[in-house]
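Good morning, and thank you for coming. Today I should like to present the contact between two protein chains. Please look at the structure as I bring it up.

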There are 2 protein chains.
Amino acid sequence: MSDPKPYFEAHVFCCTNRRPDGHKRGSCAAHGAEKLRDYMKARARELGFDGKVRINSAGCLDRCELGPTLVIYPDGVWYTYRSPADVDEILQTHMVEGRRVDRLMLTTEQRALRPDQRG
Amino acid sequence: MSDPKPYFEAHVFCCTNRRPDGHKRGSCAAHGAEKLRDYMKARARELGFDGKVRINSAGCLDRCELGPTLVIYPDGVWYTYRSPADVDEILQTHMVEGRRVDRLMLTTEQRALRPDQRG
């Protein structure tokens with residue numbers, strides 16, 4: 001049996017893990033990930049993405065220092081995002097236009113946010 | 001900027017959504033998804049997958065009738081699974097051997113479990 005075609009064109013996982021306050025790694029929820037996930041879900045619906053794009057919550061994606069983080073599959077592209085404006089830019093540029101938001105994209109080796117990524 | 005190489009070789013999302021008892025779609029948690037996710041995490045650790053394979057919880061993946069479901073990215077392969085033996089088979093066959101567990105794999109169009117998939 002060959003692999004089936006993608007069930008979702010874009011499957012987004014937003015880390016919403018919460019660590020205790022003051023944890024040295026921080027956590028995505030401590031940076032407002034839940035509200036941003038809610039905003040992304042609502043905006044994706046408004047953009048008519050239903051059935052093609054799925055916005056999901058996920059447990060700890062283990063890149064806490066870069067959070068809030070999300071990953072878009074099957075592309076495998078990771079983003080940091082801090083604001084509704086960041087969410088809008090990811091939806092428009094990545095999902096609608098099929099390009100990348102270079103400013104927010106995380107590299108594989110990245111372990112800390114760049115200065116231009118720190119909201 | 002080109003897309004970075006995959007952060008995880010295999011990124012597994014186990015739906016652990018719980019709907020109210022008696023909901024007509026059922027839910028993954030109602031079929032034991034949380035315990036199976038815990039088992040999968042523990043087994044992946046024992047297999048030495050740390051850092052290469054990530055087992056995550058996810059919110060509702062919207063294929064409730066087929067649950068518990070999981071999806072493995074970047075492959076984009078979906079499985080139904082009901083038992084620790086199913087988890088072991090997915091880890092061994094898909095992750096270790098790079099093949100597919102045909103019996104448990106979901107097709108894109110699938111809306112109900114096949115008889116051979118109903119534990």
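Let us begin with one pair of side chains: A:K5 and B:E109 form a salt bridge, with a distance of 3.6 Å from N to O. I should say at once that this is a predicted model. How many salt bridges are there between chain A and chain B? The count is six. Polar contacts can be listed as well: across the interface of the two chains, 14 residue pairs are in polar contact, both residues of each pair being at pLDDT 80 or more.

Which elements of chain A give two or more residues to the side that touches chain B? They are β1 (10–15), β2 (53–58), β3 (69–73) and β4 (77–80). Of these, β2(A) gives the most, with four residues. Sorted by class, this side of chain A has 16 nonpolar, seven polar and ten charged residues.

Turning to the contact as a whole, chain A and chain B contribute 33 residues each. Together they bury about 2,900 Å², and 56% of that area lies on carbon and sulfur atoms.

I now move to the largest nonpolar core, which has 28 residues. Which of its residues touch the most other members? They are A:F13, A:W78, B:F13 and B:W78. At least two residues of this core come from each of β1 and β3 of chain A, and likewise from each of β1 (10–15) and β3 (69–73) of chain B.

Finally, please find B:W78. Leaving aside residues up to four places away in sequence, B:W78 touches residues of chain A, including A:Y7, A:F8 and A:H11, and residues of chain B, among them B:L61, B:V71 and B:L106.

Conventions:
Residues numbered from 1 in each chain as written. Chains lettered and ligands numbered in written order. Predicted model: local features only at pLDDT ≥ 70, side-chain atom pairs only at ≥ 80, totals over all residues. Heavy atoms only, no water. Contact = heavy atoms within 4.5 Å. Buried area = accessible area lost by both parts, 1.4 Å probe. Salt bridge = Lys/Arg side-chain N within 4 Å of Asp/Glu carboxyl O. Polar contact = N/O pair within 3.5 Å; in protein donor to acceptor, adjacent residues only side chain to side chain. Nonpolar A, V, L, I, M, F, W, Y, C, P; charged D, E, K, R; others polar. Core = buried A, V, L, I, M, F, W, Y, C linked by side-chain atoms within 4.5 Å. Buried < 20%, exposed > 50% of the residue type's maximum accessible area, 1.4 Å probe, protein only.
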